Amino acid sequence: MNPDELDRMVIQVRELCTDQSLSDIRTDLKKTKSVEITINRILDGSFLEGTECDPTLRINQATIILDSDDDMEQPLSQKQQSLKQKSTHS
């Protein structure tokens, strides 16, 4: 697909789908090579799937770190320290 044809297709899609960025439309059109398919993908929620801008890849690449301090010794409160000292002196 030549650049002029792609530009024409981007404009066609943008006329109907004004919420989408020109660069995202261009990316999807490079994949689909079809104005109709790109518009359908926007409407059915599969826009940009299978492209480098695929939103599902962004979610899958997220790193979640769960950290628990349960295995670490917690500092004693003043009351706990006082009770501990009393029990060791008895």
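This section describes the helices, core and selected side-chain contacts of a predicted model.

The protein chain holds 5 helices and 0 strands. Read from the N terminus, its elements run α-α-α-α-α. Of its 90 residues, 24% count as buried. Among contacts in the chain with a separation of 6 or more, 25% join residues 24 or more positions apart.

The largest nonpolar core contains 13 residues. Within this core, Val13, Ile25 and Leu29 touch the most other members. Helix H1 (3–16), helix H2 (22–32) and helix H3 (35–44) each contribute at least two residues to the core. H1 gives the largest share, with 4 residues.

Helix packing was examined next. Two packed helices are described by the angle between their axes and the distance between the axes. For H1 and H3, the angle is about 35° and the axes lie 10 Å apart. The crossing of these two helices is right-handed. H1 brings Met9, Gln12, Val13 and Leu16 to the contact, and H3 brings Val35, Thr38, Ile39 and Ile42. These residues divide into 6 nonpolar and 2 polar, with no charged residue in the contact of H1 with H3. Val13 thus appears twice: in the contact between H1 and H3, and among the core residues that touch the most other members.

H2 has its own set of buried residues. They are Ile25, Thr27, Asp28, Leu29 and Thr32. The buried residues of H2 pack against H1 and H3. Ile25 illustrates this set. Leaving out residues up to four places away in sequence, Ile25 touches Val10, Val13, Arg14, Cys17, Gln20 and Phe47.

One of these partners, Arg14, lies in helix H1. Arg14 and Ile25 are separated by 11 residues in sequence and by 7.5 Å in space, C-alpha to C-alpha. Arg14 counts as partly exposed because its relative accessibility is 29%, a value that falls between the 20% limit for buried and the 50% limit for exposed. Beyond residues up to four places away in sequence, Arg14 touches Gln20, Ser21, Leu22 and Ile25. Its contact with Gln20 includes a polar pair. A polar atom of the Arg14 side chain lies 3.4 Å from the backbone oxygen of Gln20.

Polar side chains also link H2 and H3. Thr32 lies in H2, and Thr38 lies in H3. Their side chains make a polar contact at 2.7 Å. The side chain of Thr38 makes a further polar contact, at 2.9 Å, with the side chain of Asp28. Asp28 is itself one of the buried residues of H2. Thr32 counts as buried because its relative accessibility is 15%, under the 20% cut-off. Thr38 is also buried, with a relative accessible area of 0%.

The wider surroundings of the two threonines were then compared. Apart from neighbours within four places in sequence, Thr32 is in contact with Ile37, Thr38 and Arg41. With residues up to four places away likewise left out, Thr38 touches Val13, Asp28, Leu29, Thr32 and Phe47. Val13 and Leu29 in that list are among the residues that touch the most other members of the core. Thr38 also belongs to the H3 side of the contact with H1. Phe47 is a contact of Thr38 and of Ile25.

Two loop residues have notable backbone angles. Most residues other than glycine have a negative phi. Lys33, just after H2, takes a positive phi of about 60°. Lys33 sits in the loop between H2 and H3. Lys33 is exposed because its relative accessible area is 55%, over the 50% cut-off. Leu48 is not a glycine either, yet has a positive phi of about 75°. This leucine is found in the loop between H3 and helix H4 (55–60). Leu48 is buried, with a relative accessible area of 6%. The two positive-phi residues therefore fall in opposite classes: Lys33 is exposed, whereas Leu48 is buried.

Terms used. Residues numbered from 1 in each chain as written. Predicted model: local features only at pLDDT ≥ 70, side-chain atom pairs only at ≥ 80, totals over all residues. Heavy atoms only, no water. Core = buried A, V, L, I, M, F, W, Y, C linked by side-chain atoms within 4.5 Å. Buried < 20%, exposed > 50% of the residue type's maximum accessible area, 1.4 Å probe, protein only. Contact = heavy atoms within 4.5 Å. Polar contact = N/O pair within 3.5 Å; in protein donor to acceptor, adjacent residues only side chain to side chain. Axes fitted to C-alpha atoms, helices over the stretch in contact; angles between N-to-C directions. Left-handed = near helix turned anticlockwise from the far one by under 90°. Nonpolar A, V, L, I, M, F, W, Y, C, P; charged D, E, K, R; others polar.
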